[in-house]
Amino acid sequence: MLALFDLDNTLIDRNGSLVGWAQGFAQSRQLPDGAENVICERLRERAYPADFVHLRAALGLGDDPGDLWREYVDGIARSVRCLPGAREGLDALRGGGWTLGVATNGAGDIQRAKLAAAGIVSYFDGICVSEEIGARKPAREHFAAAAALCGRQLSTGGWMVGDNPETDIEGARTAGLRTAWVTTGRTWTDGLSEPDIVASGVAEAIVAMRQARF
Ligand SMILES: [Mg+2]
């Protein structure tokens, strides 16, 4: 059975890393109060090199935007942590013969740096990063590419595990996958079809997937 995983705030604690990095960066540049909020707001949903062109101007920095991006990539990769039970869950799925993939929106360099720093690359048969394949979740093409990178096809079914109701869950459902939503403390978005599994975290989602009837 195929299982695709979102990366940020599903397998790793991106929010925690971002806040920590923004605090450290603001201190290192002696930026005024509120600067870390400006950084977190800009980078909360996604982060690309172009965001640092914006932040350089917004924060009045003299740094080259490319240098700021590399500082961000290095800093986030250094601080990345797996969410509780993620590694053990992936291990159990591998042991059970599952085929595992990553389906993540973002820039290739930072998403791959985070996967490597978290020490979980070896669990996956395929890693699909939107920037590298030219298709973002919730597009069906993204899920199809993720399955293909794992040597599978969407038509043979599988699961998607993620924290974003629209991009991860609704996108995967539309692409024909079963879905496990990691709530991170939120309630489901009105108007969207319910996920097959609702779990507080990735470890609980994996337990439920392993127990699910097919
Ligand atoms: Mg996510």
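In the predicted model, C150 is buried, because its relative accessibility of 11% falls under the 20% limit. The sulfur of C150 lies 8.6 Å from the closest cysteine sulfur, that of C128, which is too far for a bond. A disulfide would require the two sulfur atoms to be within 2.5 Å. C128 likewise counts as buried, with a relative accessibility of 0%. The structure as a whole contains zero disulfides, and C128 takes part in none, the sulfur of C150 being the nearest to its own.

In soluble globular proteins, nonpolar side chains tend to be buried together. The largest nonpolar core comprises 30 residues, and F5, L11 and F124 have the most contacts inside it. Helix α10, spanning residues 202–211, supplies the largest share of this core, with four residues. Separate from this core is another one, made up of 23 residues, including L55, L59, Y72 and I76.

When neighbours within four places in sequence are set aside, L11 is in contact with F5, D6, R81, C82, L83, A86, L90, I120, F124 and V202. Two of the residues named with the most contacts inside the largest core, F5 and F124, are thus among the partners of L11.

D6, a contact partner of L11, also belongs to the magnesium site. The magnesium ion has protein donors in D6 (OD), D8 (O) and D163 (OD), at 2.1 to 2.2 Å from the ion. Along the sequence, these donor residues follow the spacing D-x1-D-x154-D. Both D6 and D8 are buried.

Definitions and conventions:
Residues are numbered from 1 along each chain as its sequence is written. This is a predicted model: local features need pLDDT of at least 70, side-chain atom pairs count only at pLDDT 80 or more; totals for chains, interfaces and linings use all residues. Side-chain values use heavy atoms; hydrogens and water are left out. A nonpolar core is a set of buried Ala, Val, Leu, Ile, Met, Phe, Trp, Tyr and Cys residues joined through side-chain atoms within 4.5 Å. Buried means under 20% relative accessible area, exposed over 50%, partly exposed in between (1.4 Å probe, protein chains only). Helices (H or I, at least four residues) and strands (E, at least two) are DSSP runs, numbered from the N terminus. Contact means heavy atoms within 4.5 Å. Donors are N, O and S atoms within 2.8 Å of the metal (3.2 Å for Na, K and Ca); water is not among the atoms, so sites may look incomplete.
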